[in-house]
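Please read the following account alongside the sequence and the coordinates. It begins with confidence and then turns to the packing of the helices.

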Amino acid sequence: MSVTEKSPDAFRTIGEAAEELEVPAHVLRFWESKFPQVSPLKRAGGRRFYRPADLALLRGIKRLLYEDGFTIKGARKFIADNGVAALLDPVAPGVPREPVAVDAADREALALPTRPPLAPGDPERKIADVLRELEAARARLKSVLEPR
């Protein structure tokens, strides 16, 4: 069964994910070693299964590396500074995305349009706030569990 025949919510094998992202499978394994946010499910024998959220994250990483010209180190710093939400595809249905902080000089140089701030009661704002809290909690938990 090819990727096009699967439901959008179905898990993908590494081969299917690589085909969908148009990168070799070894690149996905390499990214998994460099980006701790990439954590596909692993079944017996180490077989990887990528969830739709994993694919959205991988698309963002690919965009940073291949389109935006980031190095691995730069992409890792971008994720650390801006969170995973900044990587997600803005046109993907149901995926909230926060604007990346850009100062006035950068905005002018890049000719980026201004986005009005999210209102406090806006559902997208609430989701973004919860996501930030979860990422902060994950970072705290990771710092406690990892040996120094």
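How many contacts beyond four places in sequence does the model have for residues 109-114? There are four, and pLDDT stays under 50 over this stretch. The model is a predicted one, and its confidence varies along the chain. Residues 91-102 also have a pLDDT below 50, yet beyond near neighbours in sequence this stretch has 23 contacts in the model. Among the elements of the protein chain, helix 5 (residues 104-110) has the lowest mean pLDDT, 49. The highest mean, 92, belongs to helix 2. Averaged over the protein chain, pLDDT is 75, and 73% of the residues score at least 70.

Helix 1 spans residues 14-21. Its buried residues are Ile14, Glu16, Ala17, Ala18 and Leu21. What covers these buried residues includes two strands, strand 1 (12-13) and strand 3 (48-50), and two helices, helix 2 (25-34) and helix 3 (52-67). Just after helix 1 comes glutamate 22, which takes a positive phi of about 60°.

One of the elements covering helix 1, helix 3, can be followed further through its packing geometry. The axes of helix 1 and helix 3 come within 11 Å and cross at roughly 45°. An angle under 35 degrees would count as roughly parallel and one of 65 to 115 as roughly perpendicular, so helix 1 is oblique to helix 3. The crossing of helix 1 and helix 3 is right-handed. On the helix 1 side the contact is made by Ala17, Glu20 and Leu21, and on the helix 3 side by Leu55, Leu58, Arg59 and Lys62. Of the residues in this contact, four are nonpolar, three are charged and none is polar. Ala17 and Leu21, which take part in the contact, are also among the buried residues of helix 1.

Helix 3 also packs against helix 4 (residues 72-82), at an angle of about 135° and with the axes 10 Å apart. Angles count as roughly antiparallel over 145 degrees, and helix 3 and helix 4 are therefore oblique to each other. Their crossing is right-handed. Helix 3 contributes Ile61, Leu64 and Leu65 to the contact, while helix 4 contributes Ile72, Ala75, Phe78 and Ile79. The residues of the contact of helix 3 with helix 4 comprise seven nonpolar, no polar and no charged. In the contact of helix 1 with helix 3, by comparison, three residues are charged.

Key:
Residues are numbered from 1 along each chain as its sequence is written. This is a predicted model: local features need pLDDT of at least 70, side-chain atom pairs count only at pLDDT 80 or more; totals for chains, interfaces and linings use all residues. Side-chain values use heavy atoms; hydrogens and water are left out. Buried means under 20% relative accessible area, exposed over 50%, partly exposed in between (1.4 Å probe, protein chains only). Helices (H or I, at least four residues) and strands (E, at least two) are DSSP runs, numbered from the N terminus. Contact means heavy atoms within 4.5 Å. Axes are lines fitted to C-alpha atoms, for helices over the stretch in contact, and angles run from 0 to 180 degrees between N-to-C directions. A crossing is left-handed if the near helix is turned anticlockwise from the far one by less than a right angle, and right-handed if clockwise. Ala, Val, Leu, Ile, Met, Phe, Trp, Tyr, Cys and Pro count as nonpolar, Asp, Glu, Lys and Arg as charged, and the others, Gly among them, as polar. pLDDT is the predictor's confidence in each residue, from 0 to 100.
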